[in-house]
Amino acid sequence: METIKNYVEIHKKRFLEELFDLIRIPSISAIEEHKDDMRKTADFIKNSLIEAGADLAEVKETTGWPVIYGQKLIDDSLPTVLVYGHYDVQPVEPLDLWDSPPFEPELRDGKIFARGADDDKGQLFMHVKAFELMNRTGTLACNVKFMIEGEEEIGSPSLKEFCKQNKELLKADIILISDTTMIAQDTPSITVGLRGLSYLEVELTGPNRDLHSGLYGGAVGNPANLLSKMVASLTDKNNHITIPGFYDDVLEISDSERSDMAKAPFNLEDYKTALDIEAVVGEKGFSTNERTGIRPSLDVNGIWSGYIGEGAKTVLPSKAYAKISMRLVPNQDSKKIDTLFIDHIKKIAPEGTKVEVKSLHGGQGYVTPIDFPAYRAATKAIGESFGKQPIPVRSGGSIPIVSDFEEVLGIKSILMGFGLDSDAIHSPNENYPLFNFYKGIETIPLFYSYFAEEIK
Ligand code: BES
Ligand code: MN
Ligand code: MN
């Protein structure tokens with residue numbers, strides 16, 4: 001621990017400068033225009049892996065954005081850790097809500113403010129620096145492989161195929177991921193569950209053109225009115241999802257598991273204050289943490305139709321659209337949910353309208369066991385660096401590729417994330433506290449040592 005702390009202390013300024021350079025490249029995977037930035041970022045990571053001591057690091061082409069693969073294999077008899085992370089980031093709009101430009105990282109109140117500061121550049125870079133530390137201090141306890149992708153924020157469309165084609169190369173004992181959160185700086189936790197996702201877009205068409213809302217209003221079905229009703233009907237008064245069959249595969253959690261979960265510290269008043277809301281809304285019969293952790297949900301992510309410019313225009317729109325996501329729990333199948341959703345939407349579309357539904361992306365949920373070597377190693381590592389034992393927590397977020405890793409590669413993942421809910425990922429003013437960045441770098445080498453011990 002002393003060696004680790006010393007190394008971090010001596011090099012912390014450089015670590016931060018390097019992370020800033022990584023963050024400055026606007027690698028937004030959703031926007032084609034950033035093609036050159038995606039490549040630049042991939043090269044940057046490849047080079048930092050080489051500088052940190054990798055024997056091999058290369059930018060590998062896929063059908064989409066490239067993947068960086070790197071490795072340092074030191075001893076056949078030692079276990080192999082495969083580090084996964086993503087170098088792509090979410091779009092930055094609305095720009096005017098940022099207090100500083102998203103790709104000009106700034107330090108304020110001990111936090112790095114920038115897009116990607118946490119999700120996931122800050123978190124993946126901790127792994128590169130921890131790897132450097134272990135190499136330079138001669139403490140590397142496992143073989144290491146890196147797989148850093150550029151498509152996580154768009155649903156990882158190429159990575160499953162990449163895994164299928166590189167099964168041998170990616171062979172490892174565990175996949176180590178820092179792309180999740182912990183409860184608080186003084187309440188460390190390990191994520192043991194991720195939700196799955198079904199994400200679809202609905203297009204409802206009424207008349208063949210926009211109409212004068214005076215001449216036709218009241219006589220022709222308005223797709224904006226009708227789509228709003230359809231969306232509203234997808235949940236009932238208890239906030240239960242009404243799609244037939246939706247809950248069929250949801251695993252009910254036992255009362256004892258629920259009461260274990262309820263032990264994780266959580267303050268509803270603080271939660272509401274942080275969001276400036278006076279009440280929470282969710283499925284009847286479940287707590288806030290249960291609503292995100294063990295129950296599925298359905299949300300409109302975007303909804304549009306008609307005239308949204310300045311002032312008023314009297315128009316009865318021809319079309320209305322909604323982007324709808326459903327967060328799923330383990331055992332719910334996202335393809336099956338897509339089908340149930342599409343069938344149901346078609347059924348409830350009112351007479352005189354046409355409806356089209358596109359599936360945008362999706363993936364399965366994931367649960368990590370807590371009685372296996374990687375979990376024990378992560379617990380010991382965090383326990384030592386934070387001075388407090390971590391609590392297992394189920395997250396509401398999704399990293400759909402994690403279940404594919406298990407399916408295709410047969411390797412389990414451990415979600416040792418260091419983000420906080422207050423990091424505002426995907427939002428304006430995304431940030432990452434320096435405390436978490438440096439603590440992460442300290443904790444990762446401990447994970448490697450304890451994992452090597454556990455596997456022996
Ligand atoms: N890192 C997040 C997921 C996350 C964050 C999980 C915090 C748990 C805690 C990831 O980058 C993400 O945003 N995933 C998307 C998946 C989607 C784009 C397919 C999500 O959850 O919306
Ligand atoms: Mn992420
Ligand atoms: Mn994300």
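Here are a few notes on a small sheet and a metal site in this predicted model.

1. Start with the open sheet, which has three strands in the order S4-S5-S18, paired antiparallel. Its edge strands are S4 (106-108) and S18 (431-433), and each of these pairs on one side only. Going from one strand to the next, the twist averages 30 degrees.

2. For a closer look at one pairing, take S4 and strand S5 (residues 111-113): they run antiparallel and are joined by three bridges. Leu 107 is the residue to click on here, as it stands opposite Ile 112 in S5.

3. Now add helix H12 (residues 434-455), which lies across S4, S5 and S18. Against S18, the helix runs at about 60 degrees.

4. Next, the manganese ion (ligand 2). His 86 coordinates it through NE2, Asp 119 through OD and Asp 179 through two OD entries, at 2.0 to 2.5 Å. Along the chain, the donors follow the spacing H-x32-D-x59-D. The site has six donor atoms with angles of 56 to 164 degrees among them, and counts as irregular.

5. Which residue bridges the manganese ion (ligand 2) and the manganese ion (ligand 3)? That's Asp 119, and the two ions lie 3.6 Å apart. Asp 119 sits in the loop between S5 and helix H3 (121-136), while Asp 179 is in the loop between strand S7 (174-177) and strand S8 (189-194), so the pair ties together parts that are 60 residues apart in sequence.

6. Are these two aspartates, Asp 119 and Asp 179, buried or exposed? Both are buried.

Methods. Residues numbered from 1 in each chain as written. Chains lettered and ligands numbered in written order. Predicted model: local features only at pLDDT ≥ 70, side-chain atom pairs only at ≥ 80, totals over all residues. Heavy atoms only, no water. Pairing = 2+ DSSP bridges. Helix = DSSP H or I, 4+ residues; strand = E, 2+ residues; numbered from the N terminus. Axes fitted to C-alpha atoms, helices over the stretch in contact; angles between N-to-C directions. Contact = heavy atoms within 4.5 Å. Donors = N, O, S within 2.8 Å, 3.2 Å for Na, K, Ca; no water. Tetrahedral: all angles 85-135°; square planar, octahedral: opposite > 155°, others 65-115°. Buried < 20%, exposed > 50% of the residue type's maximum accessible area, 1.4 Å probe, protein only.
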